[in-house]
Amino acid sequence: MRVAIVGGGIIGLAVGRELLLRGADVTVYDPAPEGTGGAWHVAAGMLAPGGESAFEFPFLEPLLEASNALWPSYASSLGDVGYDEAGTLSVALTADDLAEAKREWQHQKLTTLTGSQVRDREPSLSPRIRAGAYSPTERQVDPRKVVAALRFALDGRVALKHVTDISEISADTVVVAAGLGTAALTGLPIRPVKGQVLRLRGEPGLLRHVIDGAADGRHVYLVPRADGEVVVGATQEERSDRAVTAGGVHDLLRAALDLVPGLSEHEIIELTVGHRPGTPDNAPILGRLDDRTVVAAGHHRNGVLLAPITARLIADLVLTGAADPLLDAFTPGRF
Ligand SMILES: Cc1cc2nc3c(=O)[nH]c(=O)nc-3n(C[C@H](O)[C@H](O)[C@H](O)COP(=O)(O)OP(=O)(O)OC[C@H]3O[C@@H](n4cnc5c(N)ncnc54)[C@H](O)[C@@H]3O)c2cc1C
């Protein structure tokens with residue numbers, strides 16, 4: 001079977017590799033596969049199935065959990081992609097931050113830890129932190145390494161092309177996995193949700209866990225890589241511009257330094273902006289659009305987490321024609 005994938009971001013490449021492994025003849029189309037346009041290039045790579053998304057959109061939870069369960073074996077099949085199982089410490093600085101965080105921790109059935117219990121696990125956290133919770137199943141991966149590994153697996157099969165009309169592509173099946181670009185290609189309602197992200201670098205080892213925190217109402221996450229890089233993210237803005245703003249950077253840095261004062265010695269190595277591909281119900285669009293076209297897009301805040309399950313379910317759909325019941329809530333037809 002000849003399959004064309006439109007979009008060589010993390011979703012298109014993951015679907016392409018899965019189809020290739022199962023014997024399909026795959027071509028991926030993307031004008032910028034090295035990718036500063038794709039959201040994956042900015043994403044922190046938190047694999048957080050029980051986080052905010054599950055709390056706000058409970059119908060997403062089974063899909064997030066199913067993909068999280070695939071990540072350990074998926075990561076080892078790709079090689080070194082920065083997959084790290086230290087887990088996530090959620091922390092709250094003030095009484096108000098704690099009141100808000102507790103609702104999420106209760107939903108996730110996590111035990112509340114005192115400030116000193118949290119610091120026993122992560123000594124560089126501020127002594128001002130009031131409380132926290134440890135989630136061992138919320139891990140991290142480096143999306144840039146994942147995309148590099150997927151591109152390696154698809155070597156020679158990525159064509160540098162911006163697709164404007166999918167009817168002009170010759171293939172038995174076309175999978176549209178173009179992130180935000182999916183809207184113009186299919187008419188589906190996918191909107192940009194801007195996120196500003198900083199990357200810091202310092203001595204490795206300051207932080208061990210992913211830190212997901214609130215400091216005086218400012219939300220921030222800190223994702224420490226083994227080489228000393230710390231990803232600090234992210235704003236969430238209903239905008240399509242690419243400006244790095246004083247207010248955005250200030251809010252992220254202020255919360256980061258309130259929670260981990262030792263970060264003040266780190267060097268700022270990158271300021272980036274990405275756009276999450278959001279849908280009206282903030283869940284992905286996964287399924288058949290017509291006889292020849294399948295959509296895998298709109299992954300919003302969780303495209304890295306959802307890459308393995310998306311690859312598996314979309315490959316099943318393309319090769320067998322049968323849709324797994326897990327896809328029922330995510331069909332394009334709901335819009
Ligand atoms: C600030 C920020 C932080 C994030 N943090 C996380 C996180 O911690 N964990 C997580 O799971 N997710 C996170 N995400 C979300 C995640 O990055 C996205 O959900 C994911 O990248 C979506 O993957 P995608 O392949 O559909 O789209 P993208 O990664 O955006 O890639 C789309 C690709 O399609 C190509 N394309 C577009 N139009 C066309 C066309 N017409 N023809 C050909 N090619 C085209 C583009 O060039 C691009 O390469 C974050 C996102 C942002 C912005």
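1. In this predicted model, one open sheet has 8 strands in the order 5-6-4-11-12-13-10-14, and its pairing is mixed. At the edges stand strand 5 (113–114) and strand 14; each has a single partner strand, so one side of each is left without a neighbour in the sheet.

2. Strand 14 (267–278) is joined to strand 10 (191–201) by 11 bridges, and the two run antiparallel. Within this pair, Val193 stands opposite Arg276 in strand 14.

3. Strand 10 also pairs with strand 13, in the antiparallel sense, over 5 bridges. Here Leu200 stands opposite Val230 in strand 13. Strand 13 (229–233) has 4 of its 5 residues buried, so it is largely enclosed by the rest of the structure.

4. Strand 12 (218–224) runs antiparallel to strand 13, and 4 bridges join them. Tyr221 has Gly233 in strand 13 as its bridge partner. The hairpin of strand 12 and strand 13 has 4 residues between the strands, and in it Gly228 takes a positive phi near 100°.

5. Two helices can be placed against these strands. Helix 4 (residues 95–107) lies across strand 4 (88–92), strand 6 (131–135) and strand 11 (210–215), and runs at about 145° to strand 4. Helix 8 (residues 246–259) lies across strand 4, strand 10, strand 11, strand 12, strand 13 and strand 14, and its angle to strand 12 is about 70°.

6. Another open sheet is formed by 6 strands in the order 8-2-1-9-16-15, also with mixed pairing. Its edge strands are strand 8 (158–159) and strand 15 (285–288), each of which pairs on one side only. Strand 2 (residues 25–29) pairs with strand 8 in the parallel sense over 2 bridges, and Tyr29 has Ala159 in strand 8 as its bridge partner.

7. Helices lie across this sheet's strands as well. Helix 1 (residues 10–21) lies across strand 1 (2–6), strand 2, strand 9 (173–176) and strand 16 (293–297), running at about 170° to strand 2. Helix 9 (residues 307–320) lies across strand 1, strand 9, strand 15 and strand 16, and runs at about 175° to strand 16.

8. What does the domain assignment of the protein give? It gives domain 1 (2–79 + 141–190 + 279–334) and domain 2 (88–135 + 192–277). Their C-alpha centres lie 27 Å apart. Between them, 20 residues of domain 1 are in contact with 23 residues of domain 2. The side of domain 1 that touches domain 2 has, by class, 10 nonpolar, 8 polar and 2 charged residues.

9. Where does the ligand lie with respect to domain 1 and domain 2? Both domains give residues to the shell around the ligand, so the ligand lies between them. That shell holds 44 residues, and the closest are Gly9, Gly179, Gly181, Gly195 and Gly303. Helix 1, strand 10 and strand 14 are the elements that give two or more residues to the shell.

10. Which strand gives the most to the shell around the ligand? Strand 14 does, with 4 residues; strand 14 is also an edge strand of the sheet of 8 strands. By class, the shell has 22 nonpolar, 19 polar and 3 charged residues.

Note on methods
Residues numbered from 1 in each chain as written. Predicted model: local features only at pLDDT ≥ 70, side-chain atom pairs only at ≥ 80, totals over all residues. Pairing = 2+ DSSP bridges. Contact = placed C-beta atoms within 7 Å. Axes fitted to C-alpha atoms, helices over the stretch in contact; angles between N-to-C directions. Near = placed C-beta within 6 Å. Nonpolar A, V, L, I, M, F, W, Y, C, P; charged D, E, K, R; others polar. Domains from an automatic or database assignment. Buried ≥ 20, exposed ≤ 12 C-beta atoms within 10 Å, placed from the backbone.
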